[in-house]
Amino acid sequence: MFAETQLTTRPWLIPPLVDEVIESRRAIRRFLPQGVPVRALHEILEVACHAPSASNIQPWRCHVLTGAARDRLVAEAVAAFRVGGPAA
């Protein structure tokens, strides 16, 4: 377990919780058929709003697509990938 004294004697250490999250990250190649609950999306985006940015300008915008709009965007991205450029 991470001892509090390690923070004062070795301040460069990152608490294990952060280490565990970073080191356990993995790429997902298959997804479950059910979507992410809307409440979870709201919570994720709320936390993302607090992410740091250069000069604190926070230049990002988030768009959440579902249904037919999402399906169209996915189809366009796949088509663009297959031909090596943007979809027409």
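What is the volume of the largest pocket? In this predicted model, the largest pocket has a volume of about 350 Å³. Its lining is made up of 14 residues, and those closest to the centre of the pocket are Leu32, Gln34, Gly35, Val36 and Arg70. By residue class, the lining of the largest pocket comprises eight nonpolar, four polar and two charged residues.

Arg70 leads on to the salt bridges, of which a search of the whole structure finds two. In one of them, the side chain of Arg70 meets that of Asp71, with an N to O distance of 2.8 Å. Arg70 is partly exposed, at 42% relative accessibility, and Asp71 is likewise partly exposed, with a relative accessible area of 44%.

The other pairing joins Glu43 to Arg39, and here the closest N and O atoms are 3.0 Å apart. Both residues belong to helix α3 (residues 38–48), where they are separated by about one helical turn because they lie four residues apart. In an α-helix there are 3.6 residues a turn, so residues three or four places apart point the same way. Arg39 counts as exposed, at 65% relative accessibility, while Glu43 is partly exposed, with a relative accessible area of 44%.

A simple check of geometry is available for helix α4, which covers residues 67–83. At 1.5 Å a residue, the 17 residues of α4 should span 24 Å, and the end C-alpha atoms are 25 Å apart, so the two values agree. Just after α4 comes Gly84, whose phi is positive, near 85 degrees.

Methods: Residues are numbered from 1 along each chain as its sequence is written. This is a predicted model: local features need pLDDT of at least 70, side-chain atom pairs count only at pLDDT 80 or more; totals for chains, interfaces and linings use all residues. Side-chain values use heavy atoms; hydrogens and water are left out. Helices (H or I, at least four residues) and strands (E, at least two) are DSSP runs, numbered from the N terminus. The expected span of a helix is 1.5 Å times one less than its number of residues. On a 1 Å grid over the protein atoms alone, a cavity is a set of points where a 1.4 Å probe fits but cannot get out, and a pocket is an open set with protein on both sides within 12 Å along at least five of seven lines; lining residues have an atom within 4 Å of a point. Grid points are joined across faces, edges and corners, and a volume is the space filled by probe spheres set on the points. Ala, Val, Leu, Ile, Met, Phe, Trp, Tyr, Cys and Pro count as nonpolar, Asp, Glu, Lys and Arg as charged, and the others, Gly among them, as polar. A salt bridge is a side-chain nitrogen of Lys or Arg within 4 Å of a carboxyl oxygen of Asp or Glu. Buried means under 20% relative accessible area, exposed over 50%, partly exposed in between (1.4 Å probe, protein chains only).
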